[in-house]
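Thanks for coming. I will go through one model today, starting with how its copies meet.

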Protein chains: 2
Amino acid sequence: MPFLDTTGLRRFDAAGLRKTNLFQTEHLFCDLYGLEPGQSQKLHSHAAATKFYFVLEGRPRITIAGEAREVSPGSLAFAAPGEPHGVDNPGTERALLLVAMAPNPNRPASGGS
Amino acid sequence: MPFLDTTGLRRFDAAGLRKTNLFQTEHLFCDLYGLEPGQSQKLHSHAAATKFYFVLEGRPRITIAGEAREVSPGSLAFAAPGEPHGVDNPGTERALLLVAMAPNPNRPASGGS
């Protein structure tokens with residue numbers, strides 16, 4: 001199904017960061033990340049992939065290569081290959097982000113639909 | 001620069017669809033597309049890449065593999081490799097979309113920053 005309404009796919013989990021996959025192909029995957037206040041994704045890196053975060057709701061703090069910024073809806077941050085990155089939610093409201101990574105480490109065999 | 005505020009990068013052009021590159025690495029590129037009412041991106045396809053559109057403003061009409069839908073902010077549509085795709089703006093307000101494609105056909109040699 002090539003069309004998705006993400007406004008109906010906002011998911012959060014009291015246990016921790018909630019990832020909701022939107023779609024994937026052999027070239028990239030795209031997720032929503034929902035973070036309740038205080039939740040986080042630990043810093044990590046991918047030697048051979050690029051990831052970006054696009055903020056949809058809230059005031060998450062994104063860290064890229066040692067630089068941490070609290071950002072707002074409409075902000076984008078990207079991690080080039082090898083750059084440590086992560087996100088946490090130091091605010092009092094939920095944070096929602098669109099996240100894409102390429103290439104797709106899961107690499108499904110089909111076109112993804 | 002790994003952080004960008006896209007709310008300051010909304011560009012439109014009376015001559016046609018305006019693409020504003022946000023960033024690129026060897027793995028993907030990410031653009032904003034601004035469409036005035038009546039503007040369009042013609043149907044085309046990429047044999048070996050995946051593209052997705054994420055609607056930020058307006059009511060663009062996205063076509064993927066023969067299916068056309070008028071969509072709203074928060075909607076996502078993706079074209080798997082080989083699927084014809086395009087976007088036009090049949091509405092009366094401007095349309096703004098976040099667009100990403102992987103792999104990057106321009107493939108810059110560096111990490112993109």
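**Symmetry, interface and a shared sheet**

This is a predicted model. What I want to begin with is the interface: 100% of the interface residues of chain B are also interface residues in chain A, so the copies meet through the same surface.

The superposition fits with that. Chain B goes onto chain A by a rotation of 180 degrees, with 0.0 Å of shift along the axis and an RMSD of 0.0 Å. That is the relation of a two-fold axis. Which residue of chain B comes closest to the rotation axis? Ala102(B) does, with its C-alpha at 3.2 Å.

Now the contact itself. On chain B, 41 residues touch 41 residues of chain A. About 3200 Å² is buried between the two chains, and carbon and sulfur atoms give 74% of that. In chain B, the residues losing the most area to chain A are Phe3(B), Leu76(B) and Phe78(B), together 23% of what that side buries. Between the chains I count 0 salt bridges, but 12 residue pairs in polar contact, both at pLDDT 80 or more. Elements of chain B that give two or more residues to this side include S1, S2, S8 and S10.

Next, the sheet. There are 6 strands in an open, antiparallel sheet, ordered S2(A)-S3(A)-S10(A)-S5(A)-S8(A)-S1(B). Its edge strands are S2 of chain A, residues 18-24, and S1 of chain B, residues 3-5; each pairs on one side only. From one strand to the next, the twist averages 20 degrees.

Within chain A, 7 bridges join S3 to S10, running antiparallel. Gly34(A), for one, has Leu96(A) as its bridge partner in S10(A).

Methods:
Residues numbered from 1 in each chain as written. Chains lettered and ligands numbered in written order. Predicted model: local features only at pLDDT ≥ 70, side-chain atom pairs only at ≥ 80, totals over all residues. Heavy atoms only, no water. Least-squares fit on C-alpha atoms with pLDDT ≥ 70 in both. Contact = heavy atoms within 4.5 Å. Pairing = 2+ DSSP bridges. Helix = DSSP H or I, 4+ residues; strand = E, 2+ residues; numbered from the N terminus. Axes fitted to C-alpha atoms, helices over the stretch in contact; angles between N-to-C directions. Buried area = accessible area lost by both parts, 1.4 Å probe. Salt bridge = Lys/Arg side-chain N within 4 Å of Asp/Glu carboxyl O. Polar contact = N/O pair within 3.5 Å; in protein donor to acceptor, adjacent residues only side chain to side chain.
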